[in-house]
Amino acid sequence: MKSYYDIVGDGGSDIVGQVEAQQERIVRSLSGVRNLVAVGSGKGGVGKSTLTMQLACALRASGHAVSILDADLNGPCQARLGGLKAWIPVPGERGVPLPKAPNGIGVVSMGSMVPEPRAVDFASVASGSSHTWRATREFTILRELLASMDWGALDFLLVDLPPGAERIVQYAELLGSSSLFILVTIPSDLSRGVVARSIDALANTPNRILGYIENMDGYYCADCGNVKPLFPASSKVKLDLACLGSVPFDPELAALCDRGGSLSDSPQSVSWQSVKRIVEKVVRAASAKALCSEEKA
Ligand SMILES: [Zn+2]
């Protein structure tokens with residue numbers, strides 16, 4: 001068998017042509033998406049996926065057309081959060097129609113293509129450099145999903161990013177220079193430190209960060225209706241970025257999310273109220289960007 005290094009040129013694959021053709025398909029497929037917003041953190045365990053679904057619910061509740069792409073291929077959460085069952089992609093006239101969660105939000109997640117508890121593994125031929133290979137395969141799949149889905153006309157397409165502060169730059173490249181970022185942290189030095197790295201990494205890209213959200217900012221106690229601290233004292237790590245707001249942890253809401261319920265079912269929840277206020281800021285910040293690019297043009 002020939003190894004990669006034995007192949008002369010592109011080996012007849014016209015790889016450059018293939019990449020260009022796919023890039024054109026991605027641009028065409030996303031042409032109806034007004035705001036592509038990636039939600040990342042750098043760090044895992046900050047409740048980013050749940051928050052992404054909450055943001056989508058609040059956007060939808062305020063009259064915006066919104067869908068979610070779950071870019072975490074190995075640890076997909078959005079299928080469960082959206083209450084989606086097994087789904088088989090079947091191409092339609094304008095691409096593969098988006099599977100809709102019962103809450104009305106379009107959700108593309110590996111979680112509905114590969115049922116739990118099966119691992120989402122890739123067939124790999126490169127044992128020595130399997131890590132590189134896997135990352136390459138992940139981006140290949142994401143590009144294919146971006147290109148082949150029928151995203152339709154959307155005000156917001158939220159992309160739930162997997163953890164990894166350094167890889168956030170690769171996602172910025174994948175999603176294009178006009179895509180926007182929201183970073184999620186929890187009120188700990190540990191988490192804010194990693195988010196600071198993500199901010200630093202994105203500073204070298206043309207992409208704009210709308211701001212950060214402080215998740216799990218306190219714990220909502222249903223017995224007394226108070227928000228109690230979850231983390232000691234305030235963090236010493238300053239983030240050079242606008243704060244879009246903070247969301248307290250509400251156990252009832254978390255249980256609802258795990259069942260794939262819609263947050264608008266719980267309108268009095270303090271967490272839901274916080275998310276709605278954050279979404280107003282997100283909408284304003286995203287449209288401010290649209291004005292800026294028109295001025296430049
Ligand atoms: Zn209490």
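**Helix crossing, core and an exposed proline**

Tutor: In this predicted model, the crossing of helices α6 and α7 is right-handed.

Student: What makes α6 oblique to α7?

Tutor: The axes of α6, residues 168-175, and α7, residues 189-202, come within 9 Å and cross at roughly 45°. Angles under 35 degrees count as roughly parallel and those from 65 to 115 as roughly perpendicular, and because the angle here falls in neither range, α6 is called oblique to α7.

Student: Which residues make the contact between these two helices, and how do they divide into nonpolar, polar and charged?

Tutor: Helix α6 contributes Ile168, Val169 and Ala172, while α7 contributes Ser198, Ala201 and Leu202. Five of the contact residues are nonpolar, one is polar and none is charged.

Student: Why is Pro117 called exposed?

Tutor: A residue counts as exposed if 12 or fewer other C-beta atoms lie within 10 Å of its own; Pro117 has 5, so Pro117 is exposed. Pro117 sits in the loop that runs between α4 (110-113) and α5 (130-148), and its C-alpha atom is separated by 27 Å from that of Ala165, 48 residues apart along the chain.

Student: Which residues touch the most other members of the largest nonpolar core?

Tutor: That core has 70 residues, and those touching the most other members are Ala56, Leu157, Leu158, Val159 and Ile182. Helix α2, residues 48-61, gives the most to this core, with seven residues. Leaving aside residues up to four places away in sequence, Ala56 touches Val66, Ile68, Ile105 and Leu158.

Technical notes. Residues are numbered from 1 along each chain as its sequence is written. This is a predicted model: local features need pLDDT of at least 70, side-chain atom pairs count only at pLDDT 80 or more; totals for chains, interfaces and linings use all residues. A nonpolar core is a set of buried Ala, Val, Leu, Ile, Met, Phe, Trp, Tyr and Cys residues joined through C-beta atoms within 7 Å. A residue is buried if 20 or more other C-beta atoms lie within 10 Å of its own, exposed if 12 or fewer, and partly exposed in between; C-beta atoms are placed from the backbone. Helices (H or I, at least four residues) and strands (E, at least two) are DSSP runs, numbered from the N terminus. Two residues are in contact if their C-beta atoms, placed from the backbone, lie within 7 Å. Axes are lines fitted to C-alpha atoms, for helices over the stretch in contact, and angles run from 0 to 180 degrees between N-to-C directions. Angles under 35 degrees count as roughly parallel, over 145 as roughly antiparallel, 65 to 115 as roughly perpendicular and the rest as oblique. A crossing is left-handed if the near helix is turned anticlockwise from the far one by less than a right angle, and right-handed if clockwise. Ala, Val, Leu, Ile, Met, Phe, Trp, Tyr, Cys and Pro count as nonpolar, Asp, Glu, Lys and Arg as charged, and the others, Gly among them, as polar.
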